[in-house]
Each structure stands twice: as structure tokens, then as C-alpha cells.
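Colleague: Hi, have you got a few minutes to walk me through this one? I'd like to go residue by residue and then look at the whole picture.

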Amino acid sequence: MEFGFTEEQQMIRQQAAECLKHECPTGLVRQLMESEHGYSHELWQTMVEMGWTGLIIPEAYGGVGLSFVELAIVLEEMGRALVPGSFFSTVVLAGQVLLAATNDQQKQCWLVPLASGKLRATVAATESNGRWDAGGITVRAEHQNGQFLINGTKLFVPDAHIADLIICVARTGSMEGVEQGITLFAVNRHAPGLTVTPLKTLDQTRRLYEVSFEQVQVPAHYVLGEVGQGWTIWERVFDKATIGLCAEMVGGAQAALDMAVNYSKSRIQFGRPIGSFQSLQHRCADMLLLTESARSAVYAAAWVASQDANDLSLQASIAKSYTNDAYRYVTGECIQIHGGMGFTWEHDAHLYLKRAKADEVTFGDAAFHRERIAKLIGL
Amino acid sequence: MNLNYTPEEEQFRHHVRAWLNEHLPRDWQQLARAQSKRMDEWMAFLKRWQRQLYEAGLAGISWPKQYGGRGATMIEQLILIEEMARAQAPNMLNISIGIELVGPAIMHHGTEAQKQRYLPKILSAEEIWSQGFSEPAAGSDLASLQTRALVKDDSFVVNGQKVWMSWAEYSDYCILLVRTDPTAPKHKGISFLLVDMRSPGITIRPTKQITGEAEFSEVFFDDVVVPRENLVGGLNQGWNVAMTVLAHERGTSAIGYQVRLRTELDGLIRLTKQFERNGRPASQDPLLRQKLAQAYSEVEILKHNIYRAVTQIMRTGKPGPESSIIKLFWSEMDRRQKEIGMEMLGLYSQLVHESKGAIDDGWWPHAFLWSRAGTIYAGSSEIQRNIIAERVLGMPKG
């Protein structure tokens with residue numbers, strides 16, 4: 001029993017932190033926020049060179065072959081730096097579907113270029129109903145003459161505009177027994193009939209799109225896993241991606257906490273640093289308590305993910321429900337402690353608040369996950 | 001990072017579980033319930049129980065062998081506490097003060113003679129200890145304590161009053177913080193004494209608390225003579241000793257609370273399935289489900305927080321101010337958990353011990369009241385936040 005990182009893991013963290021400090025300062029984040037796609041090819045190449053795109057992909061497919069714990073460490077640092085662009089959707093979402101659901105030929109075709117950074121991808125799961133459970137999947141794929149035809153609209157799809165590949169979670173069976181009859185498809189983003197429309201969102205560091213399918217043809221060998229068996233695969237990816245997002249959120253919470261504490265030490269009011277006032281000290285202490293407790297939940301969940309243990313869903317839901325509340329609270333307090341300064345566009349505090357709110361609803365809000373916990377513990 | 005246990009640790013867990021299965025008396029909970037009426041019997045039982053654990057090598061296992069321990073790792077200690085809590089075994093009588101506070105203080109700051117004299121008898125429960133820190137005007141501001149000790153010949157002569165001394169009537173010794181230099185700044189003039197509770201001049205007056213019980217006492221010291229050799233850590237060095245004690249109190253001993261909180265929550269979850277609210281099982285109430293799921297998460301997270309802290313201690317050798325995070329976390333969540341139980345029981349939350357119709361014989365209202373103590377003792381939540389702000393976050397002193 002050792003609930004702390006190894007020297008190698010600490011080195012990975014340190015390298016990630018130093019790299020992102022130089023290559024992804026908030027100046028760049030702001031610049032990308034105002035750009036069309038919110039994506040930097042140079043930053044992407046840096047992450048490729050660091051080996052992050054192939055971090056958890058086996059060496060046989062061109063990856064580094066490390067575990068989910070190492071991925072969580074890097075994601076935490078990415079969350080701290082508010083890394084924009086498609087790393088999360090490519091590696092943590094699509095990458096894990098491809099890892100879990102593909103045959104060897106498909107791995108050569110998609111996983112190898114993904115590991116080497118040549119392929120960017122995303123997953124289109126959610127729809128206008130805003131649901132994360134299997135009942136929310138209504139986009140249909142019909143089998144016809146040895147191929148599939150997809151029709152319907154996906155909403156809130158991350159980074160679809162720059163993805164080469166969009167993995168679509170679609171219904172091939174009936175709505176009865178909702179978890180049955182769901183199939184995963186690899187769809188070329190340039191396929192005829194596929195339209196990507198940007199959404200204007202609160203957090204511009206990560207872009208969301210509407211993706212509509214109109215008679216989009218997908219060859220049968222683009223099915224990932226078995227026809228009708230997609231939900232169990234997606235559910236496990238969902239759990240791991242949730243934990244990965246939580247790692248980012250903890251990094252963001254830490255950044256907001258550091259910002260607030262540093263400011264409170266230097267800002268003088270009533271003739272003394274505001275950090276010497278007990279009311280501020282107690283706010284900061286609570287911010288630390290929430291950040292550290294979220295961190296404990298996330299590290300434990302990341303370990304469970306690395307072991308593919310049975311209680312993956314439970315640990316993912318504990319981490320997400322707790323981290324949602326913690327990140328929102330800490331970023332809100334960060335603005336409060338900065339006073340008027342924290343309300344300005346120029347200050348970085350709002351970037352974290354917006355990330356917190358976007359992350360909070362991604363992969364389910366706290367109420368969704370608490371209800372899931374209730375079911376899992378037999379309530 | 002590796003959250004699995006080693007084969008040796010698993011084996012130790014198995015050993016403890018088997019021992020408890022064989023030796024834990026089946027009827028001890030009846031005795032516990034009647035403790036307010038038959039306190040002497042209850043105390044005698046607890047002494048016997050700890051003696052048994054000691055003879056089996058299961059008391060103070062992380063202590064060095066020469067003082068009666070087995071030099072076990074902290075993980076093994078956690079396993080023992082977890083298994084004790086899981087078996088719902090009674091706590092050792094001398095654990096929360098004797099083993100967890102007095103032991104570390106003497107081990108870190110005591111003389112070899114003090115170690116030989118006191119440590120083994122703490123483990124065997126031959127001598128029971130209490131803690132004399134708080135005073136009427138020195139609670140959270142512990143350093144402003146006024147109990148005086150004058151050096152006279154080869155002794156200290158103690159005068160003053162202490163409050164909130166647990167089980168004082170049943171104690172043989174206490175650790176006592178006294179002011180030995182009134183002219184020094186308040187943290188610098190304090191000494192740490194080991195005091196025989198049967199010394200002439202000590203008067204004990206039990207304090208009835210909001211639960212109706214009297215676990216604590218006020219203790220008065222009138223010209224109490226304490227031999228010079230009972231000083232720990234040097235004259236006027238008592239504050240450092242006290243800080244060692246408090247760091248232990250706030251830190252890893254919380255694992256026992258963690259398992260207890262989990263057991264209590266499991267009980268509450270079972271209860272919500274049987275207990276009806278608004279014409280249906282309480283477990284089907286959406287808001288209550290949310291609160292119970294949150295409580296469940298918090299209990300899990302407390303465990304993770306403790307294990308992270310333990311790993312840190314094993315790597316650095318001592319508990320840091322991070323133990324304040326654990327204390328703040330568990331005491332606040334304990335209060336929330338008991339509030340959920342009371343909310344769930346509705347009208348029945350009023351029915352206490354021995355009332356007709358009381359659920360679980362009135363355990364919930366009792367636990368609800370008792371949970372108000374956790375955020376006050378061992379440094380209030382406000383004190384923990386001060387420590388976190390100043391010593392973990394490095395914010396300027398107020």
C-alpha cells in the first residue's frame with residue numbers, strides 16, 4: 001500500500017508542468033480562444049513530442065505503454081495550464097474507444113496514427129436530450145447492402161471541426177432494453193452528408209459542435225467492436241474519461257487556489273496583506289480542503305482505472321460528483337478573493353471559472369453521479 | 001502508486017481478523033449500553049479487553065519492541081484499527097489518550113527512565129491516562145493557560161483548574177500543561193508534566209454534557225506536588241511536546257473514525273429501506289438519495305485522504321500540518337452524516353434511549369448531539385483552518 005507517486009511518476013509530472021509553463025502560457029490560451037478553431041498545431045506537435053498522444057497506447061501500436069495513472073498526472077498538469085484543443089477528445093475519448101473496441105487491422109489503421117499524433121479524433125455521444133445514459137442515444141444507423149446509413153443529430157460534440165475521425169455512438173436496435181442495440185462507428189469527418197456546426201459556448205478553451213448525419217454511409221468494417229454491443233464499451237470509456245476530466249479539474253482547482261493565495265499575500269488593504277485576515281484564511285483553507293479531497297478521490301479512481309477494477313463506475317462517480325462541486329467552489333472563491341480585479345476580462349480567474357462550469361456538466365453533473373452512486377450502493 | 005496490500009499485510013489482516021473472531025466477547029455491546037448505570041463494571045471490562053489485546057501483541061503495535069510494541073509499520077497499524085472497527089470491537093480504554101497522545105509524547109521527548117516506567121503500562125492498560133490541557137479561559141487559545149507550577153526543592157507545586165478531562169475519575173495519571181514562567185511570552189513559559197491522579201490536592205468534578213452523560217470532568221489542583229522527574233521535554237519546553245501530541249491526535253488515528261462512519265452509514269442505508277417517509281420507503285426519496293450518496297463519497301474520500309497522509313508520513317517520518325485537513329474533514333462530515341440520519345427519522349428523531357418507539361434505541365439523537373463535539377475538541381474547525389492557512393498555505397499571520 002503506497003498512496004503516493006513513484007519517482008518516475010513525479011518526473012513525468014515535473015516535465016509536464018515545465019513544458020506547459022513554457023509552451024502553453026495563458027497568453028496562448030487567450031489567443032486560441034479568439035481563433036476560429038481554438039487549436040494550435042505547434043502546441044499539438046509539442047505534446048506529440050512529449051509522447052503524450054501515445055502515453056497509454058501499447059508499444060506494439062507505437063505508444064509508450066504507460067498506465068492510466070501516468071495519463072491522469074499529465075491531464076492534471078494540462079488542466080492547470082487550461083490546455084485548449086483536442087488532446088482530451090483525441091486521446092482520452094477516441095483513443096480509449098479505439099483501444100478497447102478495435103481489431104488489429106483497425107488498430108493499425110487508426111490507433112497507430114493517433115499515437116504518433118497524425119490523427120485527431122473525437123466521440124459523438126450526446127444529443128439534444130442532454131442525457132449521458134443509454135436512453136439518450138436515438139441517432140439511428142440502419143444496415144443496408146453491407147454498409148450502414150447514419151441519420152440524426154449529435155450535440156455538444158467536442159473538437160469535431162478539427163477531428164479527422166468522429167466515433168459515433170448510434171442505435172442499431174430498438175429502444176427496448178435501452179442498453180442493447182447500440183453500436184460504435186468510426187466515421188470520416190469528410191464523409192458526404194456529415195455537417196459540423198460550431199456552438200457558441202461559455203468556455204471557449206474547448207469547442208463544442210453540432211454534428212448532423214444525413215444518410216452518411218459507413219462501411220461495415222468501420223464498426224468498432226460487435227454490432228449491438230457498443231454500450232458496455234462506451235460506458236467503460238465514459239468512466240475512464242470522467243476520471244481523466246476530473247484530473248484536469250483538480251489541476252485547474254489547484255491553479256485557482258495558488259492564484260488566490262498568492263494574491264492574498266501581496267494585496268495590501270487596511271494597512272496589511274489581506275491574507276492575514278481570518279475571513280480570507282478560512283476561505284482559502286476550505287479551498288485547500290476541497291482541492292485535496294478531490295485530488296484523493298481522483299488519484300484513487302485513476303488507480304482503479306489503471307487496474308480495470310470492478311468498482312470503476314463507483315469510483316468515477318465519487319470523483320466526478322465531488323470534483324464538480326469542489327472546482328466550481330474554488331474558482332468562484334478565487335474571483336471573490338481577487339475582488340474587483342477578479343471580475344476583469346484581463347485577469348485569468350474567469351478562464352478557470354468557465355472551465356469549471358463546462359467540465360461540471362460534461363460527463364454528468366453532481367446530481368447525476370450521486371444518483372448513480374445511490375444505485376451502485378444498493379439504494 | 002500502488003493501492004494493493006502486500007502479501008505480508010494481507011496476512012497480518014487475516015491474523016487480526018481471526019484473533020478478533022476468537023476473542024471478541026459477544027455480549028460487550030449490552031454492557032456498553034448500560035455503562036451509565038454500571039460504570040465500574042464497564043471500566044473493568046475495558047481494562048480486561050485491552051490487557052488481552054496487549055498479551056496478543058495487538059496494543060500499540062507501531063511502538064518499538066522494547067516498550068511493549070511490535071515495531072509494526074503504519075499500514076499494519078491502520079489494518080489493525082480497520083479490523084477492530086469492522087468487527088465492531090470496543091476501542092481500547094487507553095487508546096485515544098494513553099496510546100495515541102501520551103505514548104508519542106514520551107517516546108519523542110521523554111527520558112529513557114520515563115519510557116521504561118510508563119510506556120509498557122500504557123499498552124497493558126495497567127495505568128489509565130487522561131489529558132489536562134484545556135482550561136476555562138484557555139480552550140482554542142491553549143497557550144493562554146493559567147495553571148501554575150512553582151519549582152520547590154525537587155518538585156513542582158501545581159495550582160489551578162483544568163476542564164474537559166476525559167475519564168478523569170478512572171485515570172491513574174494525566175498529562176498536564178502548566179505555566180512555569182509567567183514572565184516569558186505565552187508559548188515559551190509552559191511545561192509538560194506527568195501527574196499521578198491520586199496525588200493529594202486533586203479534586204474531580206464530573207461535567208454533565210448535552211447528551212446527559214458525564215464523560216468529562218473539571219479537575220482542581222491545590223498545591224499538588226509533582227516530582228521533578230515527571231517533567232517531559234525540559235523546563236518551559238512544554239509547547240513543543242504538546243504540538244507533537246496534537247499532530248498525532250489529528251492525523252492518522254482518524255482511520256478508526258473512518259471505518260466507524262462507514263459502519264454507521266451502512267446502518268443508515270439499511271434503515272432508509274425499511275423506514276417510511278411520506279408513505280414510501282425513505283430510500284426512494286430523491287433528495288435523501290442525493291445526500292446519502294454524498295455522505296458515502298465523503299467517507300470514501302476520508303479514507304483516501306488518510307492513506308495519502310500515511311504514505312507521506314512513512315516517507316518523511318512525521319505527521320505534518322496536513323493532519324489538520326483530515327481533522328477538519330472528518331469532524332464536519334460526521335456532523336453532516338448525523339444530520340441526514342435525524343432528517344430521515346423525522347418525528348422519530350426525538351425519541352431517545354429507552355423510549356417507546358425509539359429507532360435503534362435512540363442511537364441517532366445521541367450521535368447527533370455527540371457530533372457537535374467533534375468540531376470543537378482536538379482543535380476546533382476554526383483552529384484547523386487557521387493552521388491550514390498559516391502552516392500549509394503560508395498565509396501571513398493575523
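Modeller: Happy to! Let's start with B:Arg48, which counts as exposed because its relative accessibility is 53%, and exposed means over 50%. Keep in mind that this is a predicted model.

Colleague: Where in chain B is B:Arg48?

Modeller: B:Arg48 is in helix 3 of chain B, which covers residues 39–55.

Colleague: And how far apart are B:Arg48 and B:Phe216?

Modeller: In sequence they are 168 residues apart. In space, the C-alpha to C-alpha distance is 22 Å.

Colleague: Okay, now chain A. Is A:Val261 buried or exposed?

Modeller: A:Val261 is buried, with a relative accessible area of 5%. A:Val261 belongs to helix 7 of chain A, residues 230–266.

Colleague: What is A:Val261 in contact with, leaving aside its neighbours within four places in sequence?

Modeller: A:Val261 is in contact with A:Cys284, and also with B:Leu393 and B:Met395 from chain B.

Colleague: How far is A:Val261 from A:Trp303?

Modeller: The two are 42 residues apart in sequence, and their C-alpha atoms are 30 Å apart in space.

Colleague: Back to chain B, then. What about B:Asp334, buried or exposed?

Modeller: B:Asp334 is buried, because its relative accessible area is 6%, and buried means under 20%. You'll find B:Asp334 in helix 10 of chain B, residues 323–345.

Colleague: Which residues does B:Asp334 touch, not counting those up to four places away in sequence?

Modeller: B:Asp334 touches B:Leu261 and B:Ser371.

Colleague: Switching to backbone angles: what is the phi of B:Trp167?

Modeller: B:Trp167 has a positive phi of about 50°, although this residue is not a glycine. Most residues other than glycine have a negative phi.

Colleague: Where is B:Trp167?

Modeller: B:Trp167 is in the loop of chain B between strand 3 (155–166) and strand 4 (173–179). With 23% relative accessibility, B:Trp167 counts as partly exposed.

Colleague: And what is the phi of B:Glu354?

Modeller: B:Glu354 has a positive phi too, of about 75°, and is not a glycine. B:Glu354 lies in the loop between helix 10 and helix 11 (363–374) of chain B. B:Glu354 is exposed, with a relative accessible area of 57%.

Colleague: New topic: empty space inside. How many cavities of 30 Å³ or more does the structure hold?

Modeller: There are 4 cavities of 30 Å³ or more. The largest cavity has about 80 Å³ of space. As for the idea behind the search, rolling a probe the size of a water molecule over the atoms shows where empty space is left.

Colleague: Which residues line the largest cavity?

Modeller: The lining is made of B:Gly60, B:Ile61, B:Gln77, B:Leu80, B:Ile81, B:Met92, B:Ile95, B:Ile99 and B:Glu100. By class, that lining has 6 nonpolar, 2 polar and 1 charged residues.

Colleague: Which helices each supply at least two residues of that lining?

Modeller: Helix 4 (74–86) and helix 5 (95–109) of chain B do.

Colleague: Let's zoom out. How many helices and strands are in each chain?

Modeller: Chain A has 11 helices and 10 strands. Chain B has 12 helices and 10 strands.

Colleague: What do the radii of gyration say about the chains?

Modeller: For the 379 residues of chain A, a compact globule would have a radius of gyration near 21 Å, and chain A has 21 Å, which agrees. For the 398 residues of chain B, the globule value is also near 21 Å, and the 22 Å of chain B agrees with it.

Colleague: What box do the C-alpha atoms of each chain fill?

Modeller: Taken along the principal axes, the box is roughly 80 × 50 × 40 Å for chain A. For chain B, the box is roughly 75 × 50 × 45 Å.

Colleague: How much of each chain is buried?

Modeller: In chain A, 61% of the 379 residues count as buried. In chain B, buried residues make up 55% of the 398.

Colleague: And what area does each chain expose?

Modeller: Chain A exposes about 14500 Å², with 52% of that supplied by carbon and sulfur atoms. Chain B exposes about 17800 Å², and carbon and sulfur atoms supply 50% of it.

Colleague: Last one: among contacts in chain B between residues at least 6 apart, what share joins residues at least 24 apart?

Modeller: In chain B the share is 72%. In chain A, residues 24 or more positions apart account for 76% of the contacts with a separation of 6 or more.

How values were computed. Residues numbered from 1 in each chain as written. Chains lettered and ligands numbered in written order. Predicted model: local features only at pLDDT ≥ 70, side-chain atom pairs only at ≥ 80, totals over all residues. Heavy atoms only, no water. 1 Å grid on protein atoms, 1.4 Å probe; cavity = no way out; pocket = protein on both sides within 12 Å on 5 of 7 lines; lining within 4 Å. Points joined across faces, edges and corners; volume = space filled by probe spheres on them. Helix = DSSP H or I, 4+ residues; strand = E, 2+ residues; numbered from the N terminus. Nonpolar A, V, L, I, M, F, W, Y, C, P; charged D, E, K, R; others polar. Rg over C-alpha atoms; globule rule 2.2 N^0.38 Å. Buried < 20%, exposed > 50% of the residue type's maximum accessible area, 1.4 Å probe, protein only. Contact = heavy atoms within 4.5 Å. Areas by Shrake-Rupley, 256 points an atom, 1.4 Å probe, with all protein chains shown as cover.
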